[in-house]
Amino acid sequence: MEPFGKLKSFAVRVAAGDLDPPLEMDRGNVFGAFTESFDIMREELKASRKREEAAVKSRKELIAELSHDIRNPVSSIKAMVDYLELVSDNAEQKETLAAINAKTDQIDKLVSNMFHAALEELEQLEVSPEELPSRELERMIAESDPLKKVKSADIKDCVIYADKLRLEQTVGNIISNSYKYADTDINIRSFFENDLFVLEISDKGGGVPNEELEVITEKFCRGSNAAGKDGSGIGLYISKYFIEQMNGELMCYNSGEGFTVSLRLRLI
């Protein structure tokens, strides 16, 4: 009857969710084959749990990625509607544009809530860097700048180590933040530093207090200049994560008239 005593304690462990320790069996015992079937059940339960965890993580990644990607085009739509409101003289048209603006704000808040819910429990978003021509940045910048606030963009020709999608998200985040918090002309320059390609995106919005520079890239952290403006403090946090996963570095600093975000990427 000893195998049944072992089986009882084994069942208690499995019921408590402990699926790692195997069920010890004596194959010479008449009940050995019987108890072995329970250990096979443990292995199947363990494998099933891993599949479930992977599926849940995959769903969270998908939600986080989609919600984050939706926010950038929504911000661009809002920027263009803001511009049309300013230049329009038609009262009926301005009323319609105001309604569109309100809806984009609503979408942005809903997407932010969805993104936060996914990000809170998410360890990481997948980043897959590879060889990427630096000229791709010209397209990324143009697509992220619907109001043509980028007045100069000097992009040196080279090959960098980067994830195209994640770099596009990062550039979009930085330009979108400049639209929102500075609303000035933007200048972009690049240069080489040892084995790094450095891309600097600068505005003329006055910058942020020096004591906030060290924390501005932390999760849900927003500068004091963000008061009264929609946002969640996620853009620079996720951008920094993306760049670090490319073996690069994201740095923020005040530069005379305004704020600069520096992306330091590996050269290939």
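Q: What percentage of the 268 residues in the chain do buried residues make up?

A: The structure is a predicted model. Within the chain of 268 residues, 39% are buried. The surface can be described as well: about 15000 Å² is exposed, and carbon and sulfur atoms supply 53% of that area.

Q: How many helices and strands does the chain contain, and in what pattern do they follow one another along the sequence?

A: The chain holds 6 helices and 7 strands. Read along the sequence, these elements give the pattern α-α-α-β-α-β-β-α-β-β-α-β-β.

Q: In what order do the strands of the open sheet stand?

A: The order in a sheet is read across it, from strand to paired strand. Here 5 strands form an open sheet in the order S2-S4-S5-S7-S6, with mixed pairing. The edge strands, which pair on one side only, are S2 (150-154) and S6 (249-255). On average, neighbouring strands of this sheet are turned by 20° against each other, direction ignored.

Q: Which helix packs on the sheet, and which strands does that helix touch?

A: Helix H6, residues 235-245, packs on the sheet and touches S6 and S7 (258-266). The direction of H6 makes about 130° with that of S6.

Q: In what sense do S4 and S5 pair, and over how many bridges?

A: Strand S4 (residues 186-193) and strand S5 (residues 196-202) pair in the antiparallel sense over 7 bridges. One of the partnerships joins Phe191 to Val198 in S5.

Q: In what sense do S5 and S7 pair?

A: S5 and S7 also pair in the antiparallel sense, over 7 bridges. Phe197 has Leu265 in S7 as its bridge partner.

Q: How many residues of S7 are buried?

A: In a regular strand, the side chains alternate between the two faces of the sheet. S7 is mostly covered, with 8 of its 9 residues buried.

Q: What do S6 and S7 form, and how many residues lie between them?

A: S6 and S7 form a hairpin with 2 residues between them. In the turn, Gly256 has a positive phi of about 65°. The two strands pair in the antiparallel sense over 7 bridges, and Glu249 stands opposite Arg264 in S7.

Q: Why does Ser37 count as partly exposed?

A: The class depends on relative accessible area: under 20% is buried, over 50% is exposed, and partly exposed lies in between. Ser37 has 37% relative accessibility and therefore counts as partly exposed. Ser37 lies in helix H2 (residues 32-87). Its C-alpha is 9.8 Å from that of Leu23, and the two residues are 14 residues apart in sequence.

Note on methods
Residues are numbered from 1 along each chain as its sequence is written. This is a predicted model: local features need pLDDT of at least 70, side-chain atom pairs count only at pLDDT 80 or more; totals for chains, interfaces and linings use all residues. Side-chain values use heavy atoms; hydrogens and water are left out. Two strands pair if DSSP finds at least two bridges between them. Helices (H or I, at least four residues) and strands (E, at least two) are DSSP runs, numbered from the N terminus. Axes are lines fitted to C-alpha atoms, for helices over the stretch in contact, and angles run from 0 to 180 degrees between N-to-C directions. Contact means heavy atoms within 4.5 Å. Buried means under 20% relative accessible area, exposed over 50%, partly exposed in between (1.4 Å probe, protein chains only). Accessible areas come from the Shrake-Rupley method with a 1.4 Å probe; for residues, only the protein chains shown count as cover.
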